[in-house]
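Thanks for coming, everyone. Let me put the structure up, and then I'll walk you through it piece by piece.

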Amino acid sequence: MQPYQFWPQGDDQNYFNDPNEAGEHIVERVNCLDFRIELIYSNGHATEIYEQAEDEYVQLLTGSAKLSIETTSGAMEILSLEAGDGIFIPAGCRHQVLTTASQTRWLCCFSAPRNKVD
């Protein structure tokens, strides 16, 4: 057994394989201690409002999306994301995906909150 994991082209876990599903498809890549990475495929998808216990960094790799996110005043602001855009969402910050283009791909990294006290 190798200490690494490799997803070759053609593997169902490979990033470039499109699940061609309506909605959202999540592939968890790494999950260890206080850190995980997910690839998310969205095809015209919207979500409920999230308020996560983890910090999250999102990089939009392909497609586009509209996101509603909580400001410091508590109001919700609408952001339009395009391929290449990234956003850091701190733990406890309410946010919601309002819509995505078809074949939108996200890379999401989750970690313990920055202000976590052990």
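The chain exposes about 7200 Å² of surface, and carbon and sulfur atoms supply 53% of that. Before going on, keep in mind that this is a predicted model. Of the 118 residues in the chain, 31% count as buried.

So what's it built from? You'll find zero helices here and eight strands. Reading along the sequence, you just get β-β-β-β-β-β-β-β. And there's a lot of long-range contact: if you take contacts between residues at least 6 apart in sequence, 64% of them join residues at least 24 apart.

Now, the pairing. As a quick reminder, strands of a sheet pair through backbone hydrogen bonds, either parallel or antiparallel.

Let's take the open sheet. Three strands make it up, in the order β5-β4-β7, and the pairing is antiparallel. The edges are β5, residues 76-82, and β7, residues 95-100, each of them pairing on one side only. From one strand to the next, the twist averages 25°.

Zooming in on one pair there: β4, which is residues 64-70, runs antiparallel to β5, with seven bridges between them. If you want landmarks, look for S64 opposite E82 in β5, and E70 opposite M76, also in β5. The two strands form a hairpin with five residues between them, and in that hairpin G74 takes a positive phi near 95°.

Next up is β3, residues 55-62. How many bridges join β3 to β8? Seven, with β8 covering residues 104-111 and the two strands running antiparallel. T62 is a handy marker, since you can see that residue standing opposite R105 in β8. β3 also pairs with β6, residues 86-89, again in the antiparallel sense, this time over four bridges. In that pairing, V58 stands opposite I87 in β6.

Hang on to V58, as we need that residue for the core. Which residues have the most contacts inside the largest nonpolar core? They're V58, I87, I89, W106 and C108, in a core of 14 residues. As for where the core comes from, β3, β4, β6 and β8 each supply at least two of its residues. Leave aside the neighbours within four places in sequence, and V58 is in contact with D85, G86, I87, I89, W106, L107 and C108. I87, remember, is the β6 residue that V58 faces.

Last stop: a pair of residues, N43 and Q103. N43 lies in strand β2, which covers residues 35-43. Is N43 buried or exposed? N43 counts as buried, because its relative accessibility is 17% and the cut-off is under 20%.

Q103 is over in the loop between β7 and β8. At a relative accessible area of 46%, Q103 is partly exposed, because that value falls between the 20% and 50% limits. The backbone of Q103 is worth a look too: phi is positive, about 55°, although this residue is not a glycine.

And where do the two meet? A polar atom of the N43 side chain lies 2.5 Å from the backbone nitrogen of Q103. So that's a residue of β2 next to one from the β7–β8 loop, with 2.5 Å between those two atoms.

That's the tour. Happy to take questions.

Key: Residues numbered from 1 in each chain as written. Predicted model: local features only at pLDDT ≥ 70, side-chain atom pairs only at ≥ 80, totals over all residues. Heavy atoms only, no water. Buried < 20%, exposed > 50% of the residue type's maximum accessible area, 1.4 Å probe, protein only. Polar contact = N/O pair within 3.5 Å; in protein donor to acceptor, adjacent residues only side chain to side chain. Pairing = 2+ DSSP bridges. Axes fitted to C-alpha atoms, helices over the stretch in contact; angles between N-to-C directions. Core = buried A, V, L, I, M, F, W, Y, C linked by side-chain atoms within 4.5 Å. Contact = heavy atoms within 4.5 Å. Areas by Shrake-Rupley, 256 points an atom, 1.4 Å probe, with all protein chains shown as cover.
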